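User: I'm new to this structure and would like a close look at one part of it, the main nonpolar core. Could you walk me through that part and then show me how the rest of the chain sits around it?

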Amino acid sequence: MAHPLGLTPGKIVAVHLNYRSRVAQRGRTPAVPSYFLKPSSSLSWSGQAVVRPHGCELLAFEGEIAVVIGRRAHRVPRERALEHVAGYAAANDFGVYDLKHADLGSNLRAKGRDGYTPVGPVLLTDADPADLRLRTWVNGELVQDASTAELLFPIDLLIADLSRSMTLEPGDLILVGTPAGSTVVHPGDVVEVELAGSGRLRNEVVQEAPGAVEYGVLPEATEAARQAAYGSAPEPVPEPVPEPALDEHTAALLRSVSTATLSNQLRKRGIDHHFIEGVRPARPDLRMVGTARTLRYLPLREDVFAEIGGGMNAQKRTVEEILPGEVLVIEARGDHGSGTLGDILALRALRRGAAGVVTDGGLRDSPSFAGLDLPSYYGVPHAAVLGRRHVPMDSQLPVSCGGVLVRPGDVLVGDAEGVVVIPPALAAEVARDAAAQEDEERFILQQVGEGAAVAGLYPMDATWRARYEAQREGS
């Protein structure tokens, strides 16, 4: 029977690790994309059963996005890669972990079985590949919810990278990876995958009838395979420490200067909207320097919150994806009628190496933050839980916090006065000039303290500047 979408792939290429949440779960971060091939005979569609082999127990689903190639692609540059895409569809990369030991990374027996790549039910031809939302349900319970904004290796990069080594032909499929939430399913379970706007790809798991096995590889449900299938790393692996977004020298300079001085330097460069208004520090004694990881809350709508607000929602996923040196910036629209973050998730963020938290909404469990070594800035204390005023919607996109536009990767500096946002491209020069400004101001304060008048001193005229330079040379 022909595939309902008319798909006839010559090859199906799948990415091993790509979503940041899955990377965090596996405990390793790939520097480059890693691939494996699935045979075209594994292609299936919505409504088709997925068979768990006799003697196996570790059949796992992986909700994915299938990229359908529409035009021949050979050595295409990244900026032209998306021109070769016919569309996008929901997919499910099923695999039997009991058989992974046989073929290791190739996954041939584990994931190449007939019917183990259902795709459909609709092909999206007018969608933004940078903002595709993927969700998976098992027996009606939401278990995966992620956006392509979380991909380590975006779709255009994958196409360009693959086309350097092999020609991608019309009809070929690329599976771009799965987010956290993949786990084991059993006969009778129904798995549904949805690419927003495409309807649900639905497949039921059934059990293969017993039969004689006279040759070939037998299943091995080892403890390592069982842990991997259920979603954890096969063994404890130290979490990789990424390269810091700020070099140590710039970060040290930013820690040494006040937000007032940084504000002055930003205004000199035409950046007037940089101070996050209406937030206070939970610990005025702590300094904050880091790069933004953003989280957006939208106004509460009860049906939407019921659909996406529970479980591993955008709030919890964002906390689990925080990297060392990042500041969690929460857009709460300045709404002070509910909490946006409490002490448990704040502690988890701290343990992951977060440099701070900034929210223009309420902070729950606010007294606990006085004993937490995490710089935290918030609008008001509020005891109510998240679902009172907000829906946690998405992360790693531009947000508005305290009247300031904050983009992922922006540099944030906080002190007892508040928080400033610095464009990353300006961070080094702003830090350098702010440090120089404060050195001059310490000289001016010293002179005023000794009785000097401010005329000609603040700002310094040629005479006072000569004295300042002489003192610097002599120190």
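Analyst:

**The core and its surroundings**

Let's start right inside: the largest nonpolar core has 31 residues, and the ones with the most contacts within it are Ile65, Val67, Tyr88, Ile155 and Ile159. Keep in mind that this is a predicted model. Which elements build the core? At least two residues each come from β1, β6, β7, α4 and β13. The biggest giver is α4, with 4 residues.

That makes helix α4 worth a closer look. The helix covers residues 155-165, and its buried residues are Ile155, Asp156, Leu158, Ile159, Ala160, Leu162 and Ser163. In an α-helix there are 3.6 residues a turn, so residues three or four places apart point the same way. What covers the buried residues of α4? The cover includes the strands β1 (12-15), β2 (35-38), β6 (63-69), β7 (85-92) and β12 (173-175). Of these names, β1, β6 and β7 are also on the list of elements that supply at least two core residues each.

Val67 is a nice place to stand and look around. Setting aside its neighbours within four places in sequence, Val67 is in contact with Val85, Gly87, Tyr88, Ile155, Ile159, Asp172, Leu173, Ile174 and Val176. Three of those partners, Tyr88, Ile155 and Ile159, turn up again among the core residues with the most contacts. Ile155 and Ile159 also belong to the buried residues of α4.

There is another core, apart from this one, with 22 residues, and Ile330, Ala332, Tyr378 and Leu386 are among them.

Now step back to the whole chain. It has 12 helices and 28 strands, and its C-alpha atoms fill a box of roughly 100 × 50 × 40 Å along the principal axes. Of its 475 residues, 50% count as buried. Looking at contacts between residues at least 6 apart in sequence, 77% join residues at least 24 apart.

Next, a few loops. β13, one of the core suppliers, is followed by a loop that leads to β14 (200-207) and holds Ala196. Is Ala196 buried or exposed, or something in between? It is partly exposed, because its relative accessible area is 39%. Ala196 touches Leu124 and Arg133, leaving out residues up to four places away in sequence. Ala196 and Asp131 are 65 residues apart in sequence, yet their C-alpha atoms are 9.9 Å apart in space.

β6 and β7, two more core suppliers, are joined by a loop where Arg75 lies. Arg75 is not a glycine, but its phi is positive, about 55 degrees. With 57% relative accessibility, Arg75 counts as exposed, since the cut-off for that is over 50%. Gln396 is another residue other than glycine with a positive phi, near 55 degrees. You'll find Gln396 in the loop between β24 (390-395) and β25 (399-401), and its relative accessible area of 21% makes it partly exposed.

Two peptide bonds deserve a glance as well. The bond from Gly120 to Pro121 is cis, with omega near 0 degrees, and Pro121 has its place in the loop between β9 (117-118) and β10 (133-138). Tyr458 and Pro459 are also joined by a cis peptide bond, with omega about 5 degrees. Pro459 is in the loop between α11 (427-449) and α12 (462-474).

How about the cysteines? Cys56 is buried at 6% relative accessibility, and Cys401 is buried too, with a relative accessible area of 0%. The disulfide count for the model comes to 0.

Last stop, a pair of helices. Two packed helices are described by the angle between their axes and the distance between the axes. For α9 (residues 314-321) and α10 (residues 343-351), the axes come within 8 Å and cross at roughly 25 degrees. Angles under 35 degrees count as roughly parallel, so α9 is roughly parallel to α10. Gln315, Lys316, Val319 and Glu320 make the contact from the α9 side, while Leu345, Arg348 and Ala349 do so from α10. Sorted by type, the residues of this contact are 3 nonpolar, 1 polar and 3 charged.

Notes: Residues are numbered from 1 along each chain as its sequence is written. This is a predicted model: local features need pLDDT of at least 70, side-chain atom pairs count only at pLDDT 80 or more; totals for chains, interfaces and linings use all residues. Side-chain values use heavy atoms; hydrogens and water are left out. Axes are lines fitted to C-alpha atoms, for helices over the stretch in contact, and angles run from 0 to 180 degrees between N-to-C directions. Angles under 35 degrees count as roughly parallel, over 145 as roughly antiparallel, 65 to 115 as roughly perpendicular and the rest as oblique. Contact means heavy atoms within 4.5 Å. Ala, Val, Leu, Ile, Met, Phe, Trp, Tyr, Cys and Pro count as nonpolar, Asp, Glu, Lys and Arg as charged, and the others, Gly among them, as polar. Buried means under 20% relative accessible area, exposed over 50%, partly exposed in between (1.4 Å probe, protein chains only). A disulfide is a pair of cysteine sulfur atoms within 2.5 Å. A nonpolar core is a set of buried Ala, Val, Leu, Ile, Met, Phe, Trp, Tyr and Cys residues joined through side-chain atoms within 4.5 Å.
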